[in-house]
Amino acid sequence: MNRRELIFTMLKGFSAWLVLSALLGYFGDALMTVLFPLLKATMIMMSPELFPSLALVKSAHASFDYSIELSAWALHPIYLNAGQYMPTGADFKVSAHLLHALVPLVIEGTILCVWPVHCLRRRLLLIALGLPMAALVIMATLPAQLLGKLEISFQNIALAGQNPRPIPWFVDWMVFCEMGGRWLLGIAAAWLCIQLQRQLPCKH
Amino acid sequence: MIKQYEWLIFILFIGCYALLDYAYFKIPDELFANVIYYHGVVLVCADLINWLAPLEQVLPKQNHLISNKADLEIVRGCDGAGVLFLLVSAILVFPAKSGKKLTGLMLGMGLIYVLNLLRISVLYFVIAYQAGWFQLVHTYLAPTLMVMAACAYFAGWALAAPDKIHEPA
């Protein structure tokens, strides 16, 4: 690749980012709604003591954005420390921004749109591989973000007493993802799609 | 040569990122708020904003940019560290000579630092004048554009580092 091709690729990348951003601006809420059953199943596996319910709520204070709202019911008493617990049936709410959750998808999608390939079929194959991979990335990040926020609110109470409940693994994972790990996941997902695409046959 | 070791390079890239992230969390919050963010980010952004818009009269205070219109707090993660770690990891594991890597790292870190100062200054104006746009800019536009800029810089650097080390045999 020479300098001119590099500049062309960068312009293509910017255009792909614009198009993907516009698409997610219009269809991001529908896309996320389709993923809700998978996200709920992931959350049940991560935190069996809670029954999650998800909803998209138009943000009151933010333009162009929805909140993904998690309502979770305690299926068993949740012990916070030696003296405090949340009773069965207690209802908790936390939320995350839809656009924030879609950032890894945009990074992955933009890379897949500009990665040099031999023909259009290869590009379509890359994008087709990218869709389930993007769903996996969202499943790896969003449930941890929502449950992690909930756990932080538990910990704020738990730490006030003796024997606070242990911090679950997904809080560390959430912090890693929020620091930039989700971007790494987007790049890693794109790279895996590229590797898979190279292995698959494609008729010219 | 690169193709043979792609998986290894990729695993090293992730490992390098994880190590940088781990080291970052070993730095105490107080050091960030009172020293690093104050001298490295808040003072510079306050000067930049006051130079661009003198009527703003932004005051730097610890990790806050304060004016009568906004109070922008710089917290852990708002320093561009995530993008910086991605870029540094990519340059460190890419097969090139040490001199090229050093140049790439210095220029790359400078680029991310400048972009982050611009991001924070823009966020100040957004929160001061168009608060409804804050989430869009903060959680979507700024991070995606910064990652894209880092990817573009890395691609440019990798192409401009034509060492024999990654030429085909």
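**Entry 1: a strand in chain A**

I started with Ala96(A), which is buried at a relative accessible area of 2%. This is a predicted model, so I keep in mind that local features need pLDDT of at least 70. Ala96(A) belongs to strand β5 of chain A.

Next I walked along that strand, residues 91–97. Which side chains of β5(A) point to one face and are buried? I found Phe92(A), Val94(A) and Ala96(A) there. Asp91(A), Lys93(A), Ser95(A) and His97(A) point to the other face, and these are not buried. I noted the general rule beside it: in a regular strand, side chains alternate between the two faces of the sheet.

Then I looked for a partner strand. Strand β2 of chain A, residues 66–74, runs antiparallel to β5(A), and 7 bridges join the two. I looked up one bridge by name: Ser67(A) has His97(A) as its partner in β5(A).

I also checked a distance from Ala96(A). Ala16(A) is 80 residues away from Ala96(A) in sequence, and the C-alpha atoms are 25 Å apart in space.

**Entry 2: the second largest pocket**

I turned to the second largest pocket and wrote down its space, about 890 Å³. The elements giving two or more residues to its lining are α3 (120–158) and α4 (169–199) of chain A, along with α3 (81–93) and α5 (134–159) of chain B.

How many residues line this pocket? I got 32, and those nearest the centre are His100(A), Glu178(A), Met179(A), Arg76(B) and Gly77(B). The largest share of the lining is from α4(A), with 8 residues. Sorted by class, I have 17 nonpolar, 10 polar and 5 charged residues in the lining.

**Entry 3: rings**

I went through the aromatic pairs next, and over all chains there are 19. I picked out Trp173(A) with Phe176(A): the ring centres are 5.5 Å apart, the planes meet at 20°, and the pair is stacked. Under 30 degrees between planes is what counts as stacked, so the label follows from the angle.

Where do these two sit in the sequence? Trp173(A) and Phe176(A) are 3 residues apart in helix α4 of chain A, which means about one helical turn separates them. Are they buried or exposed? Trp173(A) is partly exposed, at 27% relative accessibility, while Phe176(A) is buried, with a relative accessible area of 17%.

I then followed the rings into chain B. One aromatic cluster takes in Trp173(A) and Phe176(A) together with Tyr17(B), Tyr24(B), Phe25(B), Phe32(B), Tyr37(B) and Phe85(B).

Tyr24(B) came up again when I looked for charges over rings. The charged end of Arg76(B) sits over the Tyr24(B) ring, 5.3 Å from the centre. Arg76(B) is also one of the residues nearest the centre of the second largest pocket. In chain A, I found Lys58(A) over the face of Tyr66(A), 5.0 Å from the ring centre.

**Entry 4: two positive phi values**

I looked for unusual backbone angles. Most residues other than glycine have a negative phi.

Asn163(A) has a positive phi, near 50°. I located Asn163(A) in the loop between α3 and α4 of chain A. With a relative accessible area of 63%, Asn163(A) is exposed.

Gln57(B) has a positive phi too, near 45°. I placed Gln57(B) in the loop between α2 (29–52) and β1 (59–61) of chain B. Gln57(B) is exposed, and its relative accessible area is 59%.

**Entry 5: chain B as a whole**

I finished with an overview of chain B. I listed 5 helices and 3 strands. In what order do the elements of chain B run from the N terminus? I read α-α-β-β-β-α-α-α. The C-alpha trace of chain B spans about 65 × 30 × 30 Å along its principal axes. Of the 169 residues in chain B, 47% are buried.

My last lookup was Trp51(B), in helix α2 of chain B. Trp51(B) counts as exposed, at 66% relative accessibility. From Trp51(B) to Thr139(B) I noted 88 residues in sequence and 26 Å in space, C-alpha to C-alpha.

Definitions and conventions: Residues are numbered from 1 along each chain as its sequence is written. Chains are lettered from A and ligands numbered from 1 in the order in which they are written. Side-chain values use heavy atoms; hydrogens and water are left out. On a 1 Å grid over the protein atoms alone, a cavity is a set of points where a 1.4 Å probe fits but cannot get out, and a pocket is an open set with protein on both sides within 12 Å along at least five of seven lines; lining residues have an atom within 4 Å of a point. Grid points are joined across faces, edges and corners, and a volume is the space filled by probe spheres set on the points. Helices (H or I, at least four residues) and strands (E, at least two) are DSSP runs, numbered from the N terminus. Ala, Val, Leu, Ile, Met, Phe, Trp, Tyr, Cys and Pro count as nonpolar, Asp, Glu, Lys and Arg as charged, and the others, Gly among them, as polar. Rings of Phe, Tyr and Trp (its six-membered ring) pair if their centres lie within 6.5 Å; planes under 30 degrees apart count as stacked, over 60 as edge-to-face and the rest as tilted. Buried means under 20% relative accessible area, exposed over 50%, partly exposed in between (1.4 Å probe, protein chains only). A charge sits over a ring if NZ of Lys or CZ of Arg is within 6 Å of the ring centre and within 35 degrees of the ring normal. Two strands pair if DSSP finds at least two bridges between them.
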